[in-house]
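User: I'm about to look at this structure for the first time. Could you walk me through it?

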Amino acid sequence: MRKPQEPRYSIEVHTTIQAPIREAWALLVDPARLGQLFWDSTVESDFVAGHRIVWKGTWEGKPFEDKGTIRRVEPPKVLQCTHWTPSSGPDVEENHSLLTWSLSEAGAGTRVTFQHENIPTLQMKEHSEPMWKMLLERMKETLEKARQPR
């Protein structure tokens, strides 16, 4: 069990996508498209506050199944959920982190800010930060590529 004085860590990454906010939002709440961003995992959720979300797939050659609960849904601005992965320790509330996607209009595009809070160890923070940066880059590529004339 974690001692109250043990530090917790957080990450914040952001990008600007040349696509309307409604398109960025639509990607975040579409399980199939969101799963593609999450390294071709399967995402199970109806994106209703209080309902569960599950991610299943393979990461670095190992199968995973992470889970959480949708906390906030404020279309098209905020999507927030808890997240638990077995590497975080036992499945108890204190080992669940908080993931928040915040979207805002930025000219003709969308500013996406992603926060990962309540990370239990510095090692997990250092491991996760490049992953979240990559996820936002994949989101940017996906949305901008879809807008290119064919």
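Analyst: Here are some questions and answers on this predicted model.

User: Let's start inside. How many residues does the largest nonpolar core have?

Analyst: Good place to begin. Residues with the most contacts inside this core are F38, W101, L103, W132 and M139. Several elements each supply at least two residues of it, including β1 (9–17), β6 (97–106) and β7 (109–119). The size of the largest nonpolar core is 33 residues.

User: Which element gives the largest share of this core?

Analyst: Helices and strands both chip in: α1 (21–28), α2 (31–37), β3 (52–59) and β5 (78–83) are among the elements with at least two core residues each. The largest share is 7 residues. Those 7 come from α3.

User: Which residues is F38 in contact with, leaving aside its neighbours within four places in sequence?

Analyst: F38 is one of the residues with the most contacts inside the core. Another one on that list, W101, is also touched by F38. With sequence neighbours set aside, the full set for F38 is W55, W101, W132 and L135.

User: Back to α3. What is its reach from first C-alpha to last?

Analyst: This helix covers residues 122–147, and that makes 26 residues. At 1.5 Å a residue, the expected reach is 38 Å, and the model comes close to that. From its first C-alpha to its last, α3 reaches 38 Å.

User: Where in α3 is the kink?

Analyst: The bend is about 25 degrees. Look shortly before the proline P130 to find it. The residue at the kink is one of the buried ones in α3, and its name is S128.

User: What covers the buried residues of α3?

Analyst: First, the buried residues themselves: among them are M124, K125, M131, W132 and L143. The cover comes from both helices and strands, α1 and α2 included. On the strand side, it includes β1, β3, β6 and β7.

User: How many bridges pair β3 and β4?

Analyst: β3 has antiparallel pairings with two strands I can point to. With β2 (residues 42–44) it shares 3 bridges, where V43 is partnered with W55. With β4 (residues 62–74), W59 has K62 as its bridge partner, and the β3 and β4 pairing runs over 8 bridges.

User: Which residue in the hairpin of β3 and β4 takes a positive phi?

Analyst: This hairpin has 2 residues between its strands. Most residues other than glycine have a negative phi, so a positive one stands out. The one here sits in the loop between β3 and β4, is exposed at a relative accessible area of 57%, and is E60.

User: Where does D40 lie, and is D40 buried or exposed?

Analyst: D40 isn't a glycine either, yet its phi is positive at about 55 degrees. D40 lies in the loop between α2 and β2. Its relative accessible area is 60%, and exposed means over 50%, so D40 is exposed.

User: And T85, buried or exposed?

Analyst: T85 belongs to the loop between β5 and β6. Not counting residues up to four places away in sequence, T85 touches D66 and M124. The relative accessible area of T85 is 14%, and the cut-off is under 20%, so T85 is buried.

User: Last one: which residues does a cis peptide bond join?

Analyst: Most peptide bonds are trans. For this cis bond, omega is about -10 degrees. One partner, P76, is found in the loop between β4 and β5, and the bond joins P75 and P76.

Key: Residues are numbered from 1 along each chain as its sequence is written. This is a predicted model: local features need pLDDT of at least 70, side-chain atom pairs count only at pLDDT 80 or more; totals for chains, interfaces and linings use all residues. Side-chain values use heavy atoms; hydrogens and water are left out. A nonpolar core is a set of buried Ala, Val, Leu, Ile, Met, Phe, Trp, Tyr and Cys residues joined through side-chain atoms within 4.5 Å. Buried means under 20% relative accessible area, exposed over 50%, partly exposed in between (1.4 Å probe, protein chains only). Helices (H or I, at least four residues) and strands (E, at least two) are DSSP runs, numbered from the N terminus. Contact means heavy atoms within 4.5 Å. The expected span of a helix is 1.5 Å times one less than its number of residues. The bend at a residue is the angle between axes fitted to the seven residues ending there and the seven starting there. Two strands pair if DSSP finds at least two bridges between them.
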